[in-house]
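Visitor: I have a chain open on my screen, and I would like to understand the labels people attach to it. Could you take me through them?

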Amino acid sequence: MKKLVFLVMALLIAGTASAQTAMKRPPKSKNSFPTFKSKAETSSAMVKQAKKQEKGDFPEMVRSEFSGGQIQTAWNESNLRDGAKTFRKCENCVYKIRTREFMTTTIILPYYLNIKSVDLGDSSAFNVKIKDANVIAIRPTASGIDTNLNVYTNSKEVFSFYIRSESYKSKNVPDLVVRISSFLNNDFNEILNPEDEENDKIENVDIKDLSAPDREKDFVRNIKFDPSKLHGWDNYKLWGDRELRPKVVFRDSQFTYLQYEEKFDKLELPTAYVVIDKIDELVNTRVVDTTFIIESIENLISLKIGDKYLCIKYQGD
């Protein structure tokens, strides 16, 4: 009897132990897809969408489109030179520039400088790219914001700009082209009055914007500017199209200068030639404000653009 009791108790203990032991599930394959155990686990919206897509019924895609009515009316009555700004280069100056969203502003430093790097105050609101050795492009990403820009050059000069962004609703035309020049037309006005006592202070000033680059060396040739060498105002004969005729022509020992003044706004810049061995040879030219500079002092210079031409003959000694 005792043996029977012990046998029954042993069987009960073994059964309880086996009931408490969890069964191990087989490992899932990495490539297996999740499955739903019942319809309750499947979203009704997913079922409806799947049935429609099976029939090729897909919803329309919403695409964002630009609407009209965003043209800046300030340009309607603007002049040709609106949007172009020239600053005279100065030390310890901060140049103020007005930009506009969806438009790019180009900053041009004096041509003899090379930009090494730039520091932009707010890179999230403005994009800046160095486009050439002395050229920067800046574009705002929004309106009603401002920042500063510092430009570092190879000559260790630093140019500092305050930049403001406005919207298409602004009554102000933005500055699309900004030039920094170390020589402006006002300087010519001083030179054209040799009797002015202030001219004594202009002698031997190194005017870099009037200097020509040395083609053989990678630096700018320094030319000592001497007002006493300017001459020839009454010694020129001009013939050809009146549209290309300048207000004033004069020269020094290096270049020939053509001043167009207010005519410059409507002028398409021509190409300059000189005759060498009975053949027209192209001559380098540059522009400083409203003055067209021809890098030659040949007695006969011709300007050409399309079918238009102008001959400039020096008749002085």
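Visitor: Leaving aside its neighbours within four places in sequence, which residues is Leu 109 in contact with?

Guide: A good place to start, and please keep in mind that this is a predicted model. Leu 109 is in contact with Ile 115, Asn 134, Val 151, Thr 153, Phe 159, Phe 161 and Ile 180. Each of these counts as a contact because heavy atoms of the two residues lie within 4.5 Å.

Visitor: Why is Leu 109 called buried?

Guide: The label buried asks for under 20% relative accessible area. Leu 109 has 3%, so Leu 109 is buried. Its place is in the loop between S3 and S4. In space, its C-alpha is 6.4 Å from that of Val 135, although 26 residues separate the two in sequence.

Visitor: What makes Ser 160 buried or exposed?

Guide: Ser 160 has a relative accessible area of 18%. The limit for buried is under 20%, so Ser 160 is buried. You will find Ser 160 in strand S8, which covers residues 158–166. Not counting residues up to four places away in sequence, Ser 160 touches Cys 93, Val 94, Tyr 95, Leu 149 and Asn 150.

Visitor: How do you know that the side chain of Ser 160 makes a polar contact with the side chain of Asn 150?

Guide: The distance between them is 3.0 Å. A polar contact needs a pair of N or O atoms within 3.5 Å, one able to donate a hydrogen and the other to accept it, so this pair qualifies. Asn 150 also appears in the sheet pairing: in S7, Asn 150 is the bridge partner of Asp 119.

Visitor: What makes S4 and strand S7 a pair?

Guide: Two strands pair if there are at least two bridges between them. S4 and S7 (residues 145–153) have five bridges, so they pair, and they do so in the antiparallel sense.

Visitor: Which sheet do four strands form, and why do S2 and S4 stand at the edges?

Guide: The four strands form an open sheet in the order S2-S8-S7-S4, with mixed pairing. Strand S2 (94–100) and strand S4 (115–120) each have a single partner strand, so one side of each has no neighbour in the sheet. From one strand to the next, the twist averages 25°.

Visitor: Why is Lys 116 called exposed?

Guide: Exposed means over 50% relative accessible area. Lys 116 reaches 61%, so Lys 116 is exposed. Lys 116 sits in strand S4. Beyond its neighbours within four places in sequence, Lys 116 is in contact with Tyr 152, Thr 153 and Asn 154.

Visitor: What is notable about the phi of Asn 92?

Guide: Most residues other than glycine have a negative phi. Asn 92 is not a glycine, yet has a positive phi of about 55°. Asn 92 lies in the loop between S1 and S2. With a relative accessible area of 82% against a limit of over 50%, Asn 92 is therefore exposed. Phe 102 has a positive phi too, near 70°, and is found in the loop between S2 and strand S3 (105–108).

Visitor: Which strands are the edge strands of the open sheet of five?

Guide: That sheet has the order S12-S20-S19-S15-S16, with antiparallel pairing. Strand S12 (236–240) and strand S16 (279–283) are its edge strands, as each pairs on one side only. On average, neighbouring strands of this sheet are turned by 30° against each other, direction ignored.

Visitor: How do you know that S15 and S16 pair?

Guide: Five bridges join strand S15 (residues 271–276) to S16, and at least two are needed, so the two strands pair. Within S15 and S16, Ala 272 stands opposite Val 283.

Visitor: Which residues lie nearest the centre of the largest pocket?

Guide: Thr 86, Arg 179, Val 287, Val 288 and Asp 289 do, out of 25 lining residues. The elements giving two or more residues to that lining are strand S1 (84–88), strand S9 (177–181) and strand S17 (285–288). S9 provides the largest share, four residues. The volume of this pocket is about 770 Å³.

Note on methods. Residues numbered from 1 in each chain as written. Predicted model: local features only at pLDDT ≥ 70, side-chain atom pairs only at ≥ 80, totals over all residues. Heavy atoms only, no water. Buried < 20%, exposed > 50% of the residue type's maximum accessible area, 1.4 Å probe, protein only. Axes fitted to C-alpha atoms, helices over the stretch in contact; angles between N-to-C directions. 1 Å grid on protein atoms, 1.4 Å probe; cavity = no way out; pocket = protein on both sides within 12 Å on 5 of 7 lines; lining within 4 Å. Points joined across faces, edges and corners; volume = space filled by probe spheres on them.
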